[in-house]
Amino acid sequence: MATSAAAAASSRLLPSAARATATTLSLSSRSSSSSRSFSLKGLGSSPLVSGLFLNQKRSLAYVSSRGFSAASAPKCAASDTEQLKSAREDIKQLLKNTFCHPILVRLGWHDAGTYNKNIEEWPQRGGANGSLRFEIELKHGANAGLVNALKLLQPIKDKYSGVTYADLFQLASATAIEEAGGPKLPMKYGRVDVSGPEQCPEEGRLPSAGPPSPADHLREVFYRMGLNDEEIVALSGAHTLGRSRPDRSGWGKPETKYTKDGPGAPGGESWTVQWLKFDNSYFKDIKERKDEDLLVLPTDAVLFDDPSFRVYAEKYAEDQEAFFKDYAEAHAKLSNLGAKFDPPEGIVIDDGAAKPAPEKFVAAKYSSGKRELSDGMKQKIRAEYEAIGGSPDKPLQSNYFLNIMIVIAVLAFLTWLFGN
Ligand code: HEM
């Protein structure tokens with residue numbers, strides 16, 4: 001009974017092609033002890049899927065009748081800098097070949113989003129610790145379909161033993177955002193992996209899309225992670241990428257005019273027209289709610305219905321730079337939730353990402369005719385003042401241009417005076 005329920009649950013996770021071939025899979029390793037024999041019911045005989053779990057078995061764990069457990073000494077220590085950089089190049093190539101940006105972002109978020117700030121101990125507190133690689137967590141209802149993301153990343157994991165799953169998930173997500181045209185994210189790495197499925201969080205820590213009171217629900221879930229209203233709205237903007245599929249989450253249309261031809265596996269309903277481009281169109285589209293072929297979940301709609309959320313949603317619909325800035329900070333914060341870093345300060349693999357070089361200040365850029373500048377624009381102007389050692393609140397310590405102008409004016413005045 002329990003086994004058939006598990007089989008049914010796992011077959012719900014699989015795309016229909018894999019589901020069609022789903023059956024009881026028995027695997028045994030002849031070369032080692034009998035304790036390495038196991039049975040994987042319902043995860044499918046799809047060579048890709050079984051290959052994924054075979055690889056996991058080789059590198060990390062074996063599956064007993066109760067699920068995954070740590071076998072040989074797993075690689076749980078933190079990652080290696082050079083391997084992280086190379087893995088990032090491989091992820092870029094994977095993105096070019098398969099257009100899997102959205103599902104990689106969702107994978108990173110679902111690993112991190114189980115964090116509970118009220119629990120101090122690692123890994124009980126959940127968060128970005130690689131626990132989502134285990135079958136037991138992949139089978140949580142909210143994670144439907146994410147086995148496909150793991151399947152895409154497994155070859156990269158196998159190639160770089162010096163990169164933990166926890167880092168790989170966050171690296172893949174951040175690279176996907178940046179490659180889709182999003183902001184540079186101030187990421188750090190060095191996350192330690194949990195070692196076994198018994199360390200996975202219980203089901204139910206991630207948000208639902210259609211709760212009775214969406215605003216209360218979002219606050220309950222995200223406040224538990226230590227995130228605030230601004231961060232809830234900014235992070236929801238990640239839905240500018242990707243689609244929802246009725247056969248996974250139960251939400252969205254089977255296909256729309258924007259998704260019927262892919263790229264990637266066709267189908268599903270997207271939040272935006274260009275669902276592989278990271279920009280602020282999510283906020284514009286869910287505000288207008290005009291296009292029948294674009295998705296608005298109850299938890300999306302509430303961003304314009306709730307007065308506190310609306311302040312940020314309006315700002316992001318208006319000002320993409322403000323959205324990018326807040327998104328970059330919120331995403332990096334999310335990616336660190338619950339993580340244990342080794343070294344404790346983490347590893348930065350992209351110096352430029354932590355502090356993007358400010359553009360040259362061109363005052364004319366800001367003369368938009370608006371009476372009041374947006375907060376994002378004000379912050380940008382402030383950053384540019386600060387980059388040249390000044391501040392919009394006080395004059396520059398030494399303004400050579402002004403000094404020269406004063407000297408010229410004084411000389412001109414004296415010439416005129418003595419000339420008369
Ligand atoms: C605010 C609460 C959230 C809810 C209720 C929610 C719900 C959902 C649902 C129902 C789907 C469709 C899954 C499917 O059918 O395949 C989805 C997809 C997605 N979510 Fe969220 N989500 C939330 C927040 C977030 C956050 C914070 C991020 C990232 C920072 C995110 C990133 C994504 C992405 C990129 C997809 C598209 C995946 C794909 O195309 O395969 N979501 N989300």
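## A tour from the ligand shell outward

The residues of the shell around the ligand divide into eleven nonpolar, seven polar and four charged. This is a predicted model. Start the tour at that shell.

**Stop 1: the ligand.** Select the ligand and what surrounds it. The shell has 22 residues. Pro102, Ala238, Gly242, Ser244 and Ser249 are the closest. Now colour by element. Two or more residues each come from α5 (101–112), α10 and β5 (243–244). Which element gives the most to the shell? It is α5, with five residues.

**Stop 2: α10 against α13.** Stay with α10, one of the elements that line the ligand. Select residues 229–236 for α10 and residues 307–318 for α13. The two axes come within 9 Å and cross at roughly 45°. That angle makes α10 oblique to α13. The crossing is right-handed. Next, show the side chains at the contact. On the α10 side, pick Asp229, Glu230, Ile232, Val233 and Ala234. They meet Ser308, Phe309, Tyr312, Ala313 and Tyr316 of α13. By class, this contact has seven nonpolar residues, one polar and two charged.

**Stop 3: α12 against α13.** Keep α13 on screen and add residues 298–305, which form α12. Here the axes come within 6 Å and cross at roughly 90°. α12 is therefore roughly perpendicular to α13. Val302, Leu303 and Phe304 make the contact from α12. Phe309, Arg310 and Ala313 make it from α13. Five of these residues are nonpolar, none is polar and one is charged. Click on Phe309 and Ala313 again: both belong to the α13 side of the contact with α10, and both also take part in the contact with α12.

**Stop 4: the loop before α5.** Go back to the ligand side and select phenylalanine 99. This residue sits in the loop between α4 (81–98) and α5. Check its backbone: phi is near 55°, a positive value in a residue other than glycine. Is phenylalanine 99 exposed, partly exposed or buried? It has 17 other C-beta atoms within 10 Å, so it counts as partly exposed.

**Stop 5: the loop after α5.** Move along to the loop between α5 and α6, where proline 123 is found. Select tryptophan 122 together with proline 123. A cis peptide bond joins the two, with omega at about 5°.

**Stop 6: leucine 138.** Continue into helix α6, residues 135–138, and pick leucine 138. Leucine 138 counts as buried because it has 22 C-beta neighbours inside 10 Å. Now draw a distance to leucine 150, twelve residues apart from leucine 138 along the chain. The C-alpha atoms of the pair are separated by 9.4 Å.

**Stop 7: arginine 289.** Jump to the loop between α11 (281–288) and α12, the place of arginine 289. Its phi is positive, about 50°, although arginine 289 is not a glycine. Buried or exposed? Arginine 289 is exposed, with 12 other C-beta atoms within 10 Å.

**Stop 8: a cis bond further along.** Finish with aspartate 342 and proline 343. They are joined by a cis peptide bond, and omega is about 5°. Proline 343 is in the loop between α14 (320–336) and α15 (351–354).

Note on methods
Residues numbered from 1 in each chain as written. Predicted model: local features only at pLDDT ≥ 70, side-chain atom pairs only at ≥ 80, totals over all residues. Axes fitted to C-alpha atoms, helices over the stretch in contact; angles between N-to-C directions. Helix = DSSP H or I, 4+ residues; strand = E, 2+ residues; numbered from the N terminus. Parallel < 35°, antiparallel > 145°, perpendicular 65-115°, else oblique. Left-handed = near helix turned anticlockwise from the far one by under 90°. Contact = placed C-beta atoms within 7 Å. Nonpolar A, V, L, I, M, F, W, Y, C, P; charged D, E, K, R; others polar. Near = placed C-beta within 6 Å. Buried ≥ 20, exposed ≤ 12 C-beta atoms within 10 Å, placed from the backbone.
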